Amino acid sequence: MPPLIADTALIFGRYARQTLRSKPALIFGMVQPLLFLVFFGPLLTDLSLGGQAGSWQTIVPGILVQLGLFSASFTGIGLILERRTGVIERMRVTPVSRLALLMGRVLKDVALLLVQSLLLVCVAVVLGLRAPVLGVAIGFVFVGVLTVSLASLSYALAMRVASPQGFAPVINSITMPAMLLSGILLPMSLGPRWLDIASHFVPFRYLVDGVRAAFAGEYGDGKIALAALVASALAVVAVTLGARLFRQAGA
């Protein structure tokens with residue numbers, strides 16, 4: 001097995017076990033998306049949200065992307081705490097690949113998010129979601145790639161700031177406008193023209209549209225292909241930049 005893969009698997013296992021031991025974090029990590037699903041979703045079930053898809057096929061993909069957006073963006077807080085307790089210092093003296101130190105963490109976040117996404121979709125099916133299995137799988141892939149991108153940048157930022165108090169405002173100032181302009185809660189086509197145009201400069205808009213098209217089984221209208229292109233480009237740029245910043249910080 002190549003050293004990078006072996007080192008990544010080692011770091012992944014360490015943080016996966018750590019996550020499994022933290023039951024409250026696993027439970028409360030699902031609270032916000034389930035609240036949106038249970039309390040916000042039924043308000044829109046009798047409204048026309050544009051397109052031929054049902055309201056749940058519009059709402060659930062948005063909540064999935066929201067879950068990936070916020071969960072992945074804040075993963076760096078744990079790394080800041082590790083720096084404070086000396087964990088990172090001890091890792092620096094090991095021969096483990098610096099890229100593996102990043103990717104092992106990122107893949108753990110992806111695995112956790114996919115489990116949460118599966119649970120979310122199962123609850124949504126009970127509430128009325130009807131979507132093709134292939135479309136749901138495609139949606140999970142997009143959300144997983146989004147998590148890779150944002151978690152990589154989050155960990156890189158965490159190596160640059162000294163405290164959670166300096167980390168959180170930066171993340172909030174980015175994620176909140178991104179959420180509002182990506183159409184996570186409602187399709188941007190329902191808003192005024194200027195707002196719809198502005199949203200096209202936010203890459204998450206294309207991911208939301210792609211996941212919604214997948215859940216509706218609309219595989220040939222180009223939205224899924226465009227979302228795949230944007231997601232891939234975002235992941236390449238984010239992982240490259242994140243790995244560089246991670247190395248420069250001496251992780």
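## Close-up views of a predicted model

**View 1. Gln116 and its surroundings in helix 7.** Gln116 counts as buried, since its relative accessibility is 8%, and this residue of the predicted model is part of helix 7. Once neighbours within four places in sequence are left aside, the contacts of Gln116 are with Leu26, Gly29, Met30, Leu67 and Ser71. Helix 7 spans residues 98–127 and is among the helices that supply at least two residues of the lining of the largest pocket, which is the subject of the next view.

**View 2. The largest pocket and the helices around it.** The largest pocket holds about 760 Å³ of space, and its lining is made up of 31 residues, with Ala25, Thr75, Lys108, Asp109 and Leu112 lying nearest its centre. Helix 1, helix 2 (23–28), helix 3, helix 4, helix 5, helix 7 and helix 8 (133–158) each contribute at least two residues to this lining. Divided by class, the lining of the largest pocket comprises 15 nonpolar, twelve polar and four charged residues.

**View 3. The one cavity found in the structure.** Searching the whole structure for cavities of 30 Å³ or more yields one, and about 30 Å³ of space lies in the largest cavity. The lining of the largest cavity consists of Phe36, Phe40, Ile59, Gly62, Ile63, Ile184 and Leu185. Helix 3 (31–40) and helix 4 (55–73) are the elements that give two or more residues to this lining, and helix 4 gives the most, with three residues. Six residues of the lining of the largest cavity are nonpolar and one is polar, while none is charged.

**View 4. The largest nonpolar core, with Val106 as one of its centres of contact.** In soluble globular proteins, nonpolar side chains tend to be buried together. The largest nonpolar core of this model has 62 residues, and those with the most contacts inside it are Val60, Leu64, Val106, Val121, Phe204 and Phe215. Apart from neighbours within four places in sequence, Val106 is in contact with Val148, Ala151, Ser152 and Tyr155.

**View 5. A salt bridge between helix 5 and helix 1.** Side chains of opposite charge can pair when their charged atoms come close. Glu82 and Arg14 are joined through their side chains by a salt bridge, with an N to O distance of 3.7 Å. This pair links distant parts of the chain, given that Glu82 belongs to helix 5 (residues 76–85) and Arg14 to helix 1 (residues 3–21), with their positions 68 residues apart in sequence. Are the two partners buried or exposed, or do they fall in between? Glu82 counts as buried because its relative accessibility is 8%, whereas Arg14, at a relative accessible area of 28%, is partly exposed. By the rule applied here, the count of salt bridges comes to six.

**View 6. Asp196 with two arginine partners.** Asp196 forms a salt bridge with Arg193, in which the closest N and O atoms are 3.8 Å apart; both residues lie in helix 10 (residues 193–199), three residues apart, which is about one turn of the helix. Asp196 also forms a salt bridge with Arg205, and there the closest N and O atoms are 2.8 Å apart. Salt bridges that share partners join Arg193, Asp196, Arg205 and Asp209 into one network. Asp196 is buried, because its relative accessible area of 11% is under the 20% cut-off. Arg205 is likewise buried, with a relative accessible area of 9%, but Arg193 is exposed, because its relative accessible area of 61% is over the 50% cut-off.

**View 7. Leu181 in helix 9 and its contacts.** Leu181 lies in helix 9, which covers residues 164–181, and Leu181 counts as partly exposed because its relative accessibility is 24%. Beyond residues up to four places away in sequence, Leu181 touches Met188, Leu195, Ser199, Val202 and Arg205. Among these contacts is Arg205, the residue that forms a salt bridge with Asp196 in the preceding view. Leu181 and Val239 are separated by 58 residues in sequence and by 23 Å in space, C-alpha to C-alpha.

Key: Residues are numbered from 1 along each chain as its sequence is written. This is a predicted model: local features need pLDDT of at least 70, side-chain atom pairs count only at pLDDT 80 or more; totals for chains, interfaces and linings use all residues. Side-chain values use heavy atoms; hydrogens and water are left out. Helices (H or I, at least four residues) and strands (E, at least two) are DSSP runs, numbered from the N terminus. Buried means under 20% relative accessible area, exposed over 50%, partly exposed in between (1.4 Å probe, protein chains only). Contact means heavy atoms within 4.5 Å. A salt bridge is a side-chain nitrogen of Lys or Arg within 4 Å of a carboxyl oxygen of Asp or Glu. On a 1 Å grid over the protein atoms alone, a cavity is a set of points where a 1.4 Å probe fits but cannot get out, and a pocket is an open set with protein on both sides within 12 Å along at least five of seven lines; lining residues have an atom within 4 Å of a point. Grid points are joined across faces, edges and corners, and a volume is the space filled by probe spheres set on the points. Ala, Val, Leu, Ile, Met, Phe, Trp, Tyr, Cys and Pro count as nonpolar, Asp, Glu, Lys and Arg as charged, and the others, Gly among them, as polar. A nonpolar core is a set of buried Ala, Val, Leu, Ile, Met, Phe, Trp, Tyr and Cys residues joined through side-chain atoms within 4.5 Å.
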